[in-house]
Amino acid sequence: MKAIILCGGKGTRLREETEFRPKPMVEIGGRPILWHIMKLYSYYGFNDFVLCLGYKGAMIKEYFLNYHSMVNDCAVTVGQQTRPSVRFLNEADDHFTVTLADTGAETMTGGRLKRVERYIADDTFMLTYGDGVADVNIRELLAFHHAHGRLATVTAIQPPSRFGLLDISADGAVERFREKPVTDEWINGGFFVFNRGVFDYLDDACTLEQEPLMQLASEGQLMAYQHRGFWHAMDTYRDTLRLNDLWARDEAPWAIWQGDTLKALARQAAR
């Protein structure tokens with residue numbers, strides 16, 4: 001089963017980073033956030049990806065075309081040979097199959113998905129954004145989707161409030177201060193599961209989160225998998241600092257593959 005990752009947006013709210021690289025290539029602990037997302041799917045046995053490229057997509061292509069040298073230490077022998085000799089010293093245990101699809105610089109999310117329809121052979125596939133990490137149990141999400149039998153599943157999350165909240169009495173006294181509590185509202189956290197019938201709701205210019213999902217919801221074809229664990233988008237530079245801090249302290253909840261690999265990567269990033 002394929003997992004599609006939307007990688008084409010311009011990431012304008014993270015201009016400090018995205019002026020120079022696409023948002024999915026912004027790093028956490030020395031690895032692109034895209035790699036962290038793929039590792040989550042891989043942990044649950046899903047290693048076949050379709051990346052919907054757009055803004056600065058060539059950088060993502062270059063990363064995967066040179067993946068071994070990007071993620072491993074290597075020894076290069078140069079000199080009299082007709083070509084350099086390369087020896088990889090610490091082979092990564094990643095086993096990804098990656099389809100790199102150019103879906104246009106200005107295409108909206110639904111249009112990007114529609115443009116990779118030809119690469120999806122199975123009746124069921126997954127989709128997420130290339131700028132958010134979570135500890136979603138992908139197997140449980142998929143089982144939920146199969147159990148309800150509808151066309152689409154979205155992972156719903158309850159984000160913390162951006163600001164501290166005040167409980168104020170009638171006379172103006174502050175009764176309680178709550179520092180960024182989790183809200184009661186559910187929002188779209190990505191990590192979708194779709195059946196192929198969803199492609200009938202898409203066209204080349206649509207935004208997935210507008211007419212297609214609204215129509216699916218109105219027809220009773222959209223179900224929500226309620227995730228109460230960790231979820232964090234990388235929307236701003238402050239988000240980047242927060243995620244890198246969690247990684248550096250070995251407290252990255254999304255890194256459920258953690259163990260010796262995580263600790264080694266954290267040490268490598270700290271050098």
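The following legends describe close-up views of aromatic contacts and backbone features in a predicted model. Local features need pLDDT of at least 70 and side-chain atom pairs count only at pLDDT 80 or more, while totals for chains, interfaces and linings use all residues. Residues are numbered from 1 along each chain as its sequence is written, and side-chain values use heavy atoms, with hydrogens and water left out.

**View A. The aromatic pair of Tyr 63 and Phe 64.** Rings of Phe, Tyr and Trp (its six-membered ring) pair if their centres lie within 6.5 Å, with planes under 30 degrees apart counted as stacked, over 60 as edge-to-face and the rest as tilted. The count by this rule is 16 aromatic pairs. In one of them, Tyr 63 and Phe 64 meet edge-to-face, 5.2 Å centre to centre and with 90 degrees between the planes. Tyr 63 is buried at 8% relative accessibility, and Phe 64 is buried at 15% (buried means under 20% relative accessible area, exposed over 50%, partly exposed in between; 1.4 Å probe, protein chains only).

**View B. The aromatic cluster that includes Phe 191.** Tyr 41, Phe 49, Tyr 63, Phe 64, Tyr 67, Phe 96 and Phe 191 form one aromatic cluster. Phe 191 is buried, with a relative accessible area of 2%, and has a positive phi of about 50 degrees although it is not a glycine.

**View C. The backbone at Lys 56.** Lys 56, which is not a glycine, likewise has a positive phi of about 50 degrees, and its relative accessible area of 31% makes this residue partly exposed.
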